[in-house]
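This report covers one helix, the nonpolar core and one buried charged residue. The sequence and model come first.

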Amino acid sequence: MNEQPTAQAPRFVVFEGIDGSGTTTQQARVAERLRARGHRVHETREPSTGQIGELARALLAVVPGRPVTVDPAALALLFAADRLEHLTREVEPALARGEIVICDRYVISSWVYQSLECDGAWVRTLNARARWPDLTFVFDLDPTLALARVAQRRASTGQVVERFDVPQTQRDLARGYAEVLADQLDGVERVDASLSIDAVTEAIVGRCIAHGL
Ligand code: TMP
């Protein structure tokens, strides 16, 4: 078995998709499978666990009885700032140690989510300094199904409602991701997230292996 990725093999892998599309569940499963193939894998996410990321996440929470006050442009700046800080503090060092980094959400989340409320070209400019991932899997799922999954998870875990947990918003986000997929950007691949959990894992691991991991 090839214990380490080749020079061309992807190192920085990102999972993207609307809320409830399964990126977080699949991250752990794919990481485990890649470890079983002999790779060292670092799992991370955005918003990150750094100070800027924690601030962004706190501002996303919808508190009953309190209006959503954070300015959308300020939120876009926070996500972009968190991204650069996360890259320097966590992602780049892990890549330098020879680990594969799997990040749950990254630049495309900002493009899609923040473009709902801010100028899309401005959002892209804000994020232009963030290195482009080697491989991005966009989880494609009907927003109605995704929202049902989020509601189920919230009922069982008590997870707070967040800014974008609104049916119409999730439909707009799904359209945003579909537009990104249509652009056929370097290293961006669609995943059919309506398949079973096992089948989605198999599909992603299969693509990783095809790419040399
Ligand atoms: P998650 O933990 O379910 O991924 O939630 C993070 C939320 O933050 C999700 O609603 C998407 C949103 N988000 C943005 O709006 N922009 C971003 O750049 C990132 C990383 C997340």
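## Helix H8

In H8, the buried residues (under 20% relative accessible area with a 1.4 Å probe, protein chains only; exposed is over 50%, partly exposed in between) are Val200, Thr201, Ile204, Val205 and Cys208. Seen down the helix axis, the buried residues of H8 fall within an arc of 125°, so they line one face; the arc is taken over directions from the axis to the C-beta atoms. Asp198 and Ala210 are exposed on the face turned away from that side. Cover for the buried residues includes S1 (12–17), H1 (23–36), S4 (135–140) and S5 (188–192).

Helices (H or I, at least four residues) and strands (E, at least two) are DSSP runs numbered from the N terminus. The model is predicted: local features need pLDDT of at least 70, side-chain atom pairs pLDDT 80 or more, while totals for chains, interfaces and linings use all residues. Residues are numbered from 1 along each chain as its sequence is written, and side-chain values use heavy atoms, without hydrogens and water.

## Nonpolar core

The largest nonpolar core (buried Ala, Val, Leu, Ile, Met, Phe, Trp, Tyr and Cys joined through side-chain atoms within 4.5 Å) has 50 residues. Phe12, Phe15, Ile102, Phe137, Phe139 and Ile204 touch the most other members. Helix H3 (residues 72–96) gives the largest share of this core, seven residues.

## Glu90

Glu90 lies in helix H3 and counts as buried at 14% relative accessibility. Its side chain makes polar contacts (N or O pairs within 3.5 Å; within protein, one able to donate a hydrogen and the other to accept it, with sequence-adjacent residues counted only if both atoms are side-chain atoms) with the side chains of His42 at 2.8 Å and Arg89 at 3.4 Å.

Note on methods
Contact = heavy atoms within 4.5 Å.
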